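Colleague: I am new to this structure. Please pick one part, look at it closely, and then show me what lies around it.

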Amino acid sequence: MRATVPRHEPLLLVPDLQSFARVPDPEGFAREHSVKQRRSRRAFLTGVAATAAAAAMPRPLEANVAQAPPIPIIDTHIHLFDPTRPQGAPYSGPRPAPGATPIAAYPERYRRLAVPLGVVGAIKVEASPWIEDNLWVLEVAQRDPIMVGVIGNLEPDKPEFPEYLERYHKNPLFRGIRYGNLWGRDITKQSANPDFISGLKLLAEADLVMDTANPRVPLLEAMLRISDAVPTLRIVIDHLPALDPAEADRAAYDAALQEIARRPQIFVKLSEIIHRVNDQVSTELGTYRARLDALMGVFGEDRILFGSDWPNSDGVAPVDKVFAVAKEYFRSQPRPVAEKYFWKNSVAAYKWIRRDPSQPAG
């Protein structure tokens, strides 16, 4: 569409008459002045037309991306603990240096690091087998609205499980439990335990989640058996990019992933993207891209979740590098896919509660 430029008569610049009289050739001066006016007018009209035409053209993709609002991030995997408590803590994260005192992990410390990186909410995943720490972490999380959920520690096969589940479920921050290769537990054995399965049925009836701990091929196979036994249970498998199965386990690994991919109630955290490979740590995306591509190919865009694993992540890389690698990978994906990864899928998996206006509505 041609831009319409309003027509205006050029502004006549009348020279000072006395100066005009001093010019040796006043007629030549007048002719030169008239030519300059015409040139100036043509340049003006050409410039206006070009500006209008440029404004009417579609903006390049880079300009549109640059003006798009940042994607809010819900971090679905952080840990909270305080080894300075009188009772201490069974786990206190990686030490900042050999022999150094462990640093307590509270929401305010996480907030200072994560908000500048785009985080608007976080879900705490259990870091203690002590039953009383469920209450402790709920009280800690309640004090800071950046915390939108807590994954606690309860053992589904224990006789007291129904009572504890009912008690903690009354707090809307309590979003489920974690169970797996942690605290000496055996998820493979438990997947065939009727009492364990009965407890998970209660968890599913409460519309809560089971997070796993530390993936292995037998854990993936156990999740399939559990999913068969409790098909309504939402399951979240953590840290899958860090699982590098031995060659002897490769066929079983691939088969388990393909079967899990057919279970829409099983979600996968693309967390621990940065991890040790051959005892080396790289913060370059190229090291991990092929693994991420493979997992995306298996699970698609609707069941992937972001998790930083803070402060465990400090043991391999600063948390800003953890975020940077994930962001770099998803910059190559369409924006709707990145939005699902960084926050939308977390709503479907955890059904967390919005506590702050900065947090997106589910």
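Modeller: Start with a term: helices here are DSSP runs of H or I with at least four residues, strands are E runs with at least two, and both are numbered from the N terminus. Keep in mind that this is a predicted model.

The part I pick is helix α11, residues 289-299. Which of its residues are buried? They are L292, L295, M296 and F299. These four sit on the same side of α11, because they cover an arc of only 100° around the axis. The opposite face looks another way. Turned away from the buried side, it carries A290 and G297, which are exposed. So α11 has a buried side and a face with exposed residues.

What covers the buried residues? The cover includes three helices: α10 (250-260), α12 (319-331) and α13 (335-350). It also includes β7 (266-269) and β10 (304-305). Just after the helix comes G300. Its phi is positive, near 70°.

Now follow one residue of the buried side outward. M296 is among the buried residues of α11, and it is also a contact of F330. Neighbours within four places in sequence are left aside here. The other contacts of F330 are L270, I304, V337, A338, Y341 and F342. F330 also has a place in the wider picture. The largest nonpolar core has 97 residues, and F330 is one of those with the most contacts inside it, along with L220 and I226. α13 gives the most to this core, with eight residues. That same helix is part of the cover over α11. As a rule, nonpolar side chains in soluble globular proteins tend to be buried together.

Two other elements of that cover, α10 and β7, are joined by a loop that holds R263. Is R263 buried or exposed? R263 counts as buried because its relative accessible area is 13%, and the cut-off is under 20%. Its contacts beyond four places in sequence are L224, S227, D228 and R303.

For contrast, take K189 in helix α7, residues 187-190. K189 counts as exposed because its relative accessibility is 64%, and the cut-off is over 50%. Its C-alpha atom is 8.4 Å from that of A222, though 33 residues separate the two along the chain.

Last, the empty spaces. How many cavities of 30 Å³ or more does the whole structure hold? The search finds two. The largest has a volume of about 70 Å³. It is lined by 13 residues, and L80, F81, S128, D133 and W136 are the closest to its centre. By class, this lining has eight nonpolar, four charged and one polar. Helix α5 (residues 133-142) gives the most, three residues.

The second largest cavity encloses about 50 Å³. Its lining includes K124, E126, W130, I151 and N153. S128 and D133 belong to this lining as well. Two elements give two or more residues to it: α5 and β3 (147-152). The largest share, three residues, again comes from α5. Here the classes are four nonpolar, four polar and three charged.

Notes:
Residues are numbered from 1 along each chain as its sequence is written. This is a predicted model: local features need pLDDT of at least 70, side-chain atom pairs count only at pLDDT 80 or more; totals for chains, interfaces and linings use all residues. Side-chain values use heavy atoms; hydrogens and water are left out. On a 1 Å grid over the protein atoms alone, a cavity is a set of points where a 1.4 Å probe fits but cannot get out, and a pocket is an open set with protein on both sides within 12 Å along at least five of seven lines; lining residues have an atom within 4 Å of a point. Grid points are joined across faces, edges and corners, and a volume is the space filled by probe spheres set on the points. Ala, Val, Leu, Ile, Met, Phe, Trp, Tyr, Cys and Pro count as nonpolar, Asp, Glu, Lys and Arg as charged, and the others, Gly among them, as polar. Buried means under 20% relative accessible area, exposed over 50%, partly exposed in between (1.4 Å probe, protein chains only). The arc is that of the directions from the helix axis to the C-beta atoms. Contact means heavy atoms within 4.5 Å. A nonpolar core is a set of buried Ala, Val, Leu, Ile, Met, Phe, Trp, Tyr and Cys residues joined through side-chain atoms within 4.5 Å.
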